[in-house]
Amino acid sequence: MTTASLQDNPLLEGLEVRRAPDPCILVIFGASGDLTKRKLFPALYSLAFRRLLPENFAVVGAARSEETDEDFKERMKEAVQENARDDFRDDVWELLADGMRYVPLDFADEQGEDDLARTLTELDQQRGTRGNRVYYLATPPVVFPTVVQAVGKRRAAEGWTRLIIEKPFGHDLASARELQQVIEKYFDEKEVFRIDHYLGKETVQNMLALRFANGIFEPIWNRQFIDHVQITVAETLGIEARADYYERAGAVRDIFQNHLLQLVAITAMEPPIDFTADSVRNEKVKVLRAMHTPGPKSVVRGQYGRGYIEGEEVPAYREEAGVDPQSMTETYVSAKLYVDNWRWADTPFYIRTGKRLARRETTIAIQFKRAPHPPFEELSAERLRPNVLLVHVQPDEGVSLAIGVKVPGQGMTIRTVHMDFLYGGAFRTGLPEAYERLILDAMLGDATLFTRIDEVEEQWSLVDAIVAAWARDRPAFPNYPAGTWGPTGADELMERDGRSWRRR
């Protein structure tokens, strides 16, 4: 996107550039992993492309792999060329690569920790980074405590320190609290940034703007006008060689515990007094605390069998490499949740997530109650559908409002049409990747889009109760073919209430 084309867009006029972060070093533990290649370095490149990184900046990769600084730079250059959303420019890359270093490191090795500390001290002197550090834990969760201890014991004497921790934060409530106890020995809560990349997506953030910047929505955002809410996180992909992780996590820990419950909290939260980190997160915690634990009949789990995705046959979950042939791990979860407060009493939130579903999409659908007395219902060619506000989180990011209108011609024939807003069409610029926003926010010390420990604990409490109920039964798996919308039990969950899942 050229500078000229951005200036031609009146929607971008008058926007202020955010303050630049302080000089700092970003240390990525797990720098040889897939996350660093596909997301973190492409995000750093895009930030450098837009001159959003601090002028005095460096990035250090740390992992078990033995490689030199030049090897690391070349590997990350290829990753940026393959995965970045912006065109590759040598001048931008050289600006970033000049401050790149790599340290081979075993996470429990004193020598490796000494080497890393020495490298950081040298970079402080060379790059003027003033002892400021952002540590990114892109490692397997099992080594989180080890890395936290190593970093905490060697904190720089000057400057600030911030810790970014990837999900999952624990495997259940008990393990989350154990990890938190380790963190509390070395870091204050304000220094910890628990990342959930869904919160960095523009359309998720736009839910706040949609509700609180528009006077037409907030007055009807309650049980009196809204019939129910549907939230879908659907993937066409399988587990993609992640059997070791997924067999232990399943859909309830991989997506439900974090992404889905965070989307519910943002949709249902009360207006914060301001948009500081604690004010926003305080309101989300209230929603999570107000949720009823769903009974067994209000939760459906599934596991995909063989089927077809985009015309190609794909194997069943139990046939994936590394998966137990008798695995009882769920790849699909749907549930009916209630938020027991004044605004939402008796308004159901239907949520679902699954692998190998019919289409990739993440949507939040707010379905309003039907008009109480449409005088032309009998004249309509179809049963009048209720109004729906549909937020497309991904793909095709935007917002759509379904309304009934008269069809041109004689007679009063009503059809449903959609008023659509698409980010790409309105702003004529590509959306930033979630990791761009989140990495930059962590450098700025803005924790608004990161989860606080009390949020994490409330989410795990709900999931632990669901999983405990599952321990008492063994459903027949697989129970839905790949390429469909999940098990029949999920449809029955809605049909019992006289409702149905949205298909588009």
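Over which residues beyond the first few does pLDDT stay under 50, with five contacts beyond four places in sequence? The answer is residues 10–16. Here pLDDT is the predictor's confidence in each residue, from 0 to 100, and contact means heavy atoms within 4.5 Å. Where pLDDT is low, the predicted coordinates should not be read in detail.

This is a predicted model, in which local features need pLDDT of at least 70, side-chain atom pairs count only at pLDDT 80 or more, and totals for chains, interfaces and linings use all residues. Residues are numbered from 1 along each chain as its sequence is written, and side-chain values use heavy atoms, leaving out hydrogens and water. The mean pLDDT of the protein is 89, with 92% of its residues at 70 or more.

Let us turn to the sheet. Eight strands (DSSP runs of E, at least two residues, numbered from the N terminus) form an open sheet of mixed pairing, in the order β8-β12-β13-β7-β14-β15-β16-β17. Its edge strands, β8 (299–302) and β17 (414–422), each pair on one side only; two strands pair if DSSP finds at least two bridges between them. Strands β7 (residues 226–234) and β13 (residues 348–354) run parallel and are joined by six bridges. Within β13, I351 stands opposite I231.

Finally, consider E113, which lies in helix α5 (residues 110–127); helices are DSSP runs of H or I, at least four residues. E113 is buried, with a relative accessible area of 13%, where buried means under 20%, exposed over 50% and partly exposed in between, using a 1.4 Å probe and protein chains only. Leaving out residues up to four places away in sequence, E113 touches L105, F107, A108, A150 and R154.
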